[in-house]
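Got the viewer open and a coffee to hand? Let's go round this one stop by stop, selecting as we go.

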Amino acid sequence: MRTGRAYGIRGTRGVLLLLCALAALFATATTPARAATDSTAQAAHLADRLRTNPVYVTDQLPREVPRSTAPAFAEVAERTGVPTYVIVLPGMSAADPGLLDAVHERLGRDGLYVLIDESQVADAVAHGVDVPADDAWTVALYEVPYDAGPLRRFERFAEVIARGDEKAAAARAEAARAKYDAGEEPAALYIGPSDRGDQSSLTGVLLTGVPLLILLLVPYVRRWWHRLSKAAGTKGAAWRKEVKASRVLRWTLPVLALGSAVAIAVTAPLVFDETRSSWSPRPRAIDLNARLDRVAEGLAQDPVYADPETPRVLDSAQSARLHERIRAFARSQDGGPVFVALVPQLTEDESGGDEEAFAAAVHDKLGEDGVYVVADPASGYINAFNRGLRLDGYSLLYDLPESITYGDDKADEAEDHFLGERLNALMTILDKTPRTDEPNSPGDPYPMTDPVTEDELPPLFGTDFWPGLLLGVPAAGLAFGLAAGLLGIVRRVLRRRNPEPISA
């Protein structure tokens, strides 16, 4: 009986599996084939980098985390007291929650694996070492100001790990989380250009307003006191002493006003001593050129370059089809090379997230004319730029269908953003793009923000300082009016309390 029942169960399961297979086949036949992102190559690439050096800093964040900061991250990693492997990647390229586990599996070394993005410690996993990784991550997240930068957050993380007290780490993490939930967020460490503008304006207002207020208010107060003393019947030696003081004040008052202006001018830079709006150090030329050199070298070997630090979005069939379309376009009449860079575009990269500037820089590095296609595997955006071919470059730049440039809602939700299909559609557009008698390329891209100076705050005595000087005049007048009104009220109150002059 047991044998017959087991056979019946296996038979039922077989029927169910067959039905599921048929349903899947039907769904595949009626739905476009999907290729999910593949992080296998990404994990293997990162493991190879860690095999050479336990700290790997990407070249994609030079404006925020330059590669030159790698020694600083390495020094902090040594404080943990356990083997620590650090990966610094853009947050959009490290979205796979199992990335650190996959890297550990390929590296084959136990230790603490830490993933850091452009702003914080994004993830931490311990393999073969007993450390409070989760609690250290929580402490670094909630105890450190949001604008402190990833290095300082990593320092706080390493501090908790180095102490090695799991109970104390858990209590500290819980306390930090409770404070944050109660609204006790750490104060920001840096100010922005608008804050510096407010400081400059305030300095200007004080620099003219305070001396002018002294010149207006002090004589007025002396006169007010003189009238009050006269009404009170002050005579004799006291009256002569007050007259003498008024004469001395007439000479010292300008000196007092000038001294206040000098004091404000000297003190303001000491009070408003901020010079930068971010923690990030100034990138060097090698930091700003590292990714461009890498992409150009890759495109010199293969016209389709897939960023190894990012999960793959093209499967082998899509890649082969794209290569064939590129070769066909190169053989076509008035065609030419096509270079496809599947590389994230970020505001923290050397190009400031400007795809046109990135394409122009890669073209300069590669030194070969062609159509440069920038396909962002993270956002899914596609842009094409003609650099030197006899094509209508303006139609490529401005008239690409949105279905290719941005995709639709389904493409936005898909892991690979349907980049394979959309790049294939782009090649069809290229085949149909009108040819021109002469190379037709848009001009140079707009100038980017200087990555070396973009985090520098404007000087305190800068643009907003001068309007503040002008505002100081009405501000002093308003303050004088308020003070005069208050003294008038006081005088009336005193008169009511003592209407008759007091005899000497």
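Start with the rings: show the side chains of Phe, Tyr and Trp, and you can find 10 aromatic pairs in the structure. Rings of Phe, Tyr and Trp (its six-membered ring) pair if their centres lie within 6.5 Å, with planes under 30 degrees apart called stacked, over 60 edge-to-face and the rest tilted. Before going further, a word on what you're looking at: this is a predicted model, where local features need pLDDT of at least 70 and side-chain atom pairs count only at pLDDT 80 or more, while totals for chains, interfaces and linings use all residues. Residues are numbered from 1 along each chain as its sequence is written, and side-chain values use heavy atoms, with hydrogens and water left out.

**Stop 1: two ring pairs**

Select F154 and F157. Their rings are stacked, at 6.1 Å centre to centre and with 25 degrees between the planes. Both residues sit in helix 6, three residues apart, which means about one helical turn separates them. (Helices are DSSP runs of H or I with at least four residues, strands are runs of E with at least two, and both are numbered from the N terminus.) Are F154 and F157 buried or exposed? Both are buried, where buried means under 20% relative accessible area, exposed over 50% and partly exposed in between, using a 1.4 Å probe and protein chains only.

Now jump to Y220 and F480. Here the ring centres are 5.4 Å apart and the planes are at 80 degrees, so this pair is edge-to-face. Y220 belongs to helix 8 (residues 193–231) and F480 to helix 17 (residues 465–497), so the pair ties together parts that are 260 residues apart in sequence. Y220 is partly exposed, at 22% relative accessibility.

Go back to F154 and F157 and add F73: ring pairs link F73, F154 and F157 into a cluster.

**Stop 2: the nonpolar cores**

Keep F73 selected and look around it. Skipping neighbours within four places in sequence, F73 is in contact (heavy atoms within 4.5 Å) with V55, V57, V65, V88, I116, P150, L151 and F154.

A nonpolar core here is a set of buried Ala, Val, Leu, Ile, Met, Phe, Trp, Tyr and Cys residues joined through side-chain atoms within 4.5 Å. The largest one has 30 residues, and F73, I116, F154 and F157 touch the most other members. Among the elements giving it two or more residues are strand 1 (55–57), helix 3 (70–78), strand 3 (111–116) and helix 7 (166–181). Which element gives the most? That's helix 6, with six residues. Apart from this core lies another, of 24 residues; try selecting L314, L322, L342 and I404, which are among them.

**Stop 3: helix 11 against helix 16**

Select residues 316–331 for helix 11 and 419–432 for helix 16. They pack at an angle of about 10 degrees, with their axes 10 Å apart. Axes are lines fitted to C-alpha atoms, for helices over the stretch in contact, and angles run from 0 to 180 degrees between N-to-C directions. That makes helix 11 roughly parallel to helix 16, the label for angles under 35 degrees (over 145 is roughly antiparallel, 65 to 115 roughly perpendicular and the rest oblique).

To see the contact, show side chains including R321, L322 and F329 of helix 11 and L423, M427 and D431 of helix 16.

**Stop 4: around the ends of these helices**

Pick D334, in the loop between helix 11 and strand 6 (338–342). Its phi is near 60 degrees, a positive value in a residue other than glycine. D334 is partly exposed, with a relative accessible area of 28%.

H417 is next, in the loop between helix 15 (409–413) and helix 16. Phi of H417 is near 55 degrees, again positive in a residue other than glycine. H417 counts as buried, at 8% relative accessibility.

Then click K432, in helix 16. K432 is exposed, at 66% relative accessible area. C-alpha to C-alpha, K432 and L391 are 10.0 Å apart in space and 41 residues apart in sequence.

Finish on T433, in the loop between helix 16 and helix 17. T433 is buried, with a relative accessible area of 5%. Leaving out residues up to four places away in sequence, T433 touches L391, D392, S395 and L396.
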